[in-house]
Amino acid sequence: MTDETPGLAERLSAVREGIADASRAAGRVPGEITLIVVTKFHPASLVRELHALGVRELGENRHQEAQAKAEELADLDLRWNFVGQLQSKKARQVRRYASSVHSVDRDALVDALASEEGAPLDVFLQINLTDDPGRGGTAPDDAPRLAERVLGTPGLTLRGVMAVAPLGEEPRAAFSRVRAVSERVRELSPEASALSMGMSGDYRDAILEGATHLRIGTAITGNRQPLV
Ligand SMILES: *Cc1c(COP(=O)(O)O)cnc(C)c1O
């Protein structure tokens with residue numbers, strides 16, 4: 001692992017520079033953009049290296065893997081952002097280690113994440129930009145209704161919306177659609193202005209369309225090795 005460290009540091013700084021460049025091009029300040037490093041399929045040791053390089057925001061998309069890493073790395077000051085499809089029956093367990101869930105897309109999940117005690121959980125509504133309901137996310141037109149439900153649920157803070165740019169569409173056009181959904185959500189809750197969008201291949205376009213939270217994996221971590 002240790003001889004990979006220089007590569008990791010270089011990839012991380014290249015992405016940080018890319019974020020700074022795109023922010024300048026968009027007339028924005030890089031400091032208003034949160035970089036979440038998605039570490040799925042990578043071991044806890046890699047997260048430890050990222051922490052040493054200053055990373056505090058991590059993203060995971062599978063509960064079991066996220067929970068194991070959060071436990072193993074409990075000595076570090078990390079924030080875990082859950083970004084994958086989530087079964088309602090796992091919701092309470094995810095709440096124990098995650099500071100945010102970016103993939104809230106249906107009433108049953110909102111209800112399962114409710115809590116009367118403890119720190120509030122940050123919630124992003126995932127918007128499905130495809131016509132395939134299996135992709136995860138709620139339809140753009142359903143977002144305001146789902147937002148109302150989150151706003152009326154104890155223990156949840158509505159932060160904004162999240163999306164993955166679909167294949168077969170220019171990412172910038174897709175992100176502009178997310179921004180339009182965000183505007184409708186903000187009419188209901190002005191503080192819910194966050195936009196979680198932009199991955200390794202399209203984060204520049206996302207920044208140009210107003211992304212506040214980038215979820216970047218492979219551009220920083222390198223190719224994923226399945227955990228054995
Ligand atoms: C894996 C993943 C990412 C990161 O993707 P990369 O292309 O590796 O940057 C972002 N968001 C979600 C929801 C993911 O599952």
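**View A. The largest pocket, with 24 residues around it.** Sitting nearest the centre of this pocket are Lys-40, Val-83, Val-164, Met-199 and Arg-215. Keep in mind that you're looking at a predicted model here. The space inside comes to about 510 Å³. As for chemistry, the lining is a mix: ten nonpolar residues, ten polar ones and four charged ones.

**View B. The second largest pocket, with about 190 Å³ of space.** Follow the chain and you'll meet its lining in a few stretches: Arg-92 and Arg-95, then Ala-98 and Ser-99, then Ser-115, and finally Glu-117, Gly-118, Ala-119, Pro-120 and Leu-121. Helix 4 (91–97) and strand 4 (98–104) each chip in at least two of the lining residues. Sort the lining by class and you get four nonpolar, three polar and three charged residues.

**View C. The one cavity of 30 Å³ or more that a search of the whole structure turns up.** There's about 30 Å³ of space in this largest cavity. Around it you'll find Leu-58, Gly-59 and Glu-60, along with Ala-66, the run Trp-80, Asn-81 and Phe-82, and then Tyr-97 and Ala-98. Two elements, strand 2 (57–60) and strand 3 (79–82), give two or more residues each to that lining. Its residues split into six nonpolar, two polar and one charged.

**View D. Ala-98, a residue with a place in two linings.** Ala-98 helps line the second largest pocket, and Ala-98 also turns up in the lining of the largest cavity. On the pocket side, its fellow lining residues include Arg-95 and Ser-99; on the cavity side, they include Tyr-97 and Phe-82.

Conventions. Residues numbered from 1 in each chain as written. Predicted model: local features only at pLDDT ≥ 70, side-chain atom pairs only at ≥ 80, totals over all residues. Heavy atoms only, no water. 1 Å grid on protein atoms, 1.4 Å probe; cavity = no way out; pocket = protein on both sides within 12 Å on 5 of 7 lines; lining within 4 Å. Points joined across faces, edges and corners; volume = space filled by probe spheres on them. Nonpolar A, V, L, I, M, F, W, Y, C, P; charged D, E, K, R; others polar. Helix = DSSP H or I, 4+ residues; strand = E, 2+ residues; numbered from the N terminus.
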